[in-house]
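I opened this notebook to record what I looked up in the structure, entry by entry, beginning with single residues and moving on to helix pairs and cores.

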Amino acid sequence: MLPQARLNESRVLAERADSLLSAPPAVQMRYQTDRLPGRGGGLRELEAGLELPLWRGGQRDALRREADASRQQSDEEQRGYRWRVAGELRENLWRVLQADTEVALADADVDLYRALEDDVARRVRAGDAAPAERLSAEAARRERDVVLYEARVELAHSLFGWTALTGLKALPGEVREQVATQSAGYPPVLSAQAAVERARRSIGSVQAQGSGVPRLLVGVRSEAATDMPTTDSVGATLSIPFGGETHRAAALSPLQLELARAEDDLAFAQRAATLALHEAEHELHAREQALTLAMEQKEVAGREVDLARRAYRIGETSLAERLLVEARAANARRAAALADIAWARAVARYNQSLGILP
């Protein structure tokens with residue numbers, strides 16, 4: 001609503017600058033007579049005039065500049081709204097994707113532990129393992145069932161948040177972003193800069209008014225007296241205000257306060273932009289390194305679990321050792337998958353800090 005209101009304000013200011021008069025005209029009427037009731041003769045005067053407020057030099061140009069500044073501020077505020085919505089969309093989207101990844105990982109772990117449970121059951125039936133090992137395998141599998149249930153609950157919750165924000169039930173097909181190479185400008189800074197310019201132009205408009213609006217009064221006058229012909233005349237009166245420094249200062253004071261407030265907001269926005277970019281760059285670098293380490297750990301854990309499964313099948317290792325290796329491998333897979341999600345989300349946050357819309 002605010003950007004639209006700013007746009008309407010810009011349109012109104014531009015229309016006023018294009019007007020022929022600086023303010024609404026006024027009609028003046030004056031009647032004067034010394035003909036008292038009960039007395040004849042005397043003088044009668046009737047005067048009518050049109051008062052036209054004029055423009056001071058540079059006043060219309062100042063108003064046009066103010067209208068342009070208001071329109072620019074409207075554009076930047078509209079862009080800032082889109083940028084904030086984009087940030088919410090990015091965060092909600094990656095929350096859903098992380099929850100979906102958690103569900104996929106938990107589901108795969110359940111399948112693996114169910115297969116392990118079947119493997120233990122075959123060994124128990126063959127007499128190669130004690131029945132207690134079957135209970136241990138079942139307990140491990142049920143622990144994974146609980147993790148899967150919690151992951152599905154979080155996924156449902158995050159999907160509801162996504163739908164409430166976007167009105168969509170499905171996720172976009174392409175979600176990964178490329179690292180931006182140049183900035184489009186931090187929208188809060190651009191909006192604050194536009195606010196400063198708008199305040200300066202408002203002060204310029206008031207200063208261009210000078211001591212006040214010159215007024216031209218054009219009128220006609222009719223005089224009639226007893227035993228004398230009626231006299232009609234046309235006249236013009238030009239009024240030019242002057243002085244009034246105290247009144248001008250009072251009119252400028254609120255605008256100067258607004259300018260000071262806008263400049264403070266700009267300074268805060270610039271500091272926030274510097275901090276946001278630094279944090280985004282740091283997070284992007286950290287997530288990239290974490291992803292590399294997690295992928296290396298996943299590869300090592302994968303080789304280890306393959307060896308542990310073969311060793312368990314031929315009886316060279318115990319179930320407890322097998323479960324420990326499986327748990328390490330599952331944790332490594334989960335860490336690698338979540339590190340990949342975290343890196344992609346860090347890219348989105350970095351682009352957000354550069355003002356890049358998805």
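In which helix is E77 found? I looked up the assignment in this predicted model and noted that E77 belongs to helix α2.

**Entry on E77.** My next query was whether E77 is buried or exposed. With a relative accessible area of 9%, E77 is buried, because the cut-off for buried is under 20%. I then listed the contacts of E77, leaving aside neighbours within four places in sequence, and found L2, P3, R6 and S191. For L2 I also took the C-alpha separation from E77, which is 7.9 Å, although the two residues are 75 residues apart along the chain.

**Entry on α1 and α2.** Since L2 and E77 had come up together, I went on to the helix pair. How do the axes of helix α1 (residues 2-17) and α2 cross? I found that they come within 8 Å of each other and cross at roughly 165°. Angles over 145 degrees count as roughly antiparallel, and α1 and α2 are therefore roughly antiparallel to each other. For the handedness I wrote down that α1 passes α2 in a left-handed crossing. The contact of α1 with α2, sorted by class, contains 9 nonpolar, 6 polar and 8 charged residues.

**Entry on E15.** I chose E15 as another glutamate to look up, and it is found in helix α1. E15 has a relative accessible area of 46% and is partly exposed, because partly exposed covers the range between 20% and 50%. I also checked E15 against R82, which is 67 residues away along the chain, and the C-alpha atoms of the two are separated by 29 Å.

**Entry on α2 and α3.** I then followed α2 to its pairing with α3. The axes of these two helices come within 8 Å and cross at roughly 160°. That makes α2 roughly antiparallel to α3, and I noted their crossing as left-handed. Which classes do the residues of the contact of α2 with α3 divide into? My tally shows 21 nonpolar, 5 polar and 16 charged.

**Entry on E154.** To look at a single residue of α3, I took E154, whose place is in that helix. E154 is partly exposed, at a relative accessible area of 33%. Apart from neighbours within four places in sequence, I found E154 in contact with R95 and A99. I also recorded E154 and V103, which are 51 residues apart along the chain and whose C-alpha atoms are separated by 8.9 Å.

**Entry on the nonpolar cores.** V103 came up again when I turned to the largest nonpolar core. How many residues are in the largest nonpolar core, and which touch the most other members? I counted 16 residues in it, and those touching the most other members are L93, W94, L97, V103, L148, L155 and V175. At least two residues of this core come from each of α2 (59-125), α3 (131-166) and α6 (319-353), and α2 gives the most, with 8 residues. I singled out L97 and, not counting residues up to four places away in sequence, listed L171, V175 and I341 as the residues that it touches. Apart from this core lies another, of 15 residues, and I noted Y186, I203, A262 and A269 among them.

**Entry on α4 and α5.** I next looked up helix α4 (residues 187-208) against helix α5 (residues 245-313), and their axes come within 8 Å and cross at roughly 165°. α4 and α5 are therefore roughly antiparallel to each other. The crossing in which α4 passes α5 is left-handed. By class, the residues of the contact of α4 with α5 are 16 nonpolar, 5 polar and 4 charged.

**Entry on T237.** I ended with a residue outside the helices looked up above. Where does T237 lie? I placed T237 in strand β4 (residues 228-239), and at 42% relative accessibility T237 counts as partly exposed. Leaving aside neighbours within four places in sequence, I found T237 in contact with R215, L216 and L217. I also checked T237 against S205, 32 residues apart in sequence, and the C-alpha to C-alpha distance in space is 26 Å.

Technical notes:
Residues numbered from 1 in each chain as written. Predicted model: local features only at pLDDT ≥ 70, side-chain atom pairs only at ≥ 80, totals over all residues. Heavy atoms only, no water. Axes fitted to C-alpha atoms, helices over the stretch in contact; angles between N-to-C directions. Helix = DSSP H or I, 4+ residues; strand = E, 2+ residues; numbered from the N terminus. Parallel < 35°, antiparallel > 145°, perpendicular 65-115°, else oblique. Left-handed = near helix turned anticlockwise from the far one by under 90°. Nonpolar A, V, L, I, M, F, W, Y, C, P; charged D, E, K, R; others polar. Core = buried A, V, L, I, M, F, W, Y, C linked by side-chain atoms within 4.5 Å. Buried < 20%, exposed > 50% of the residue type's maximum accessible area, 1.4 Å probe, protein only. Contact = heavy atoms within 4.5 Å.
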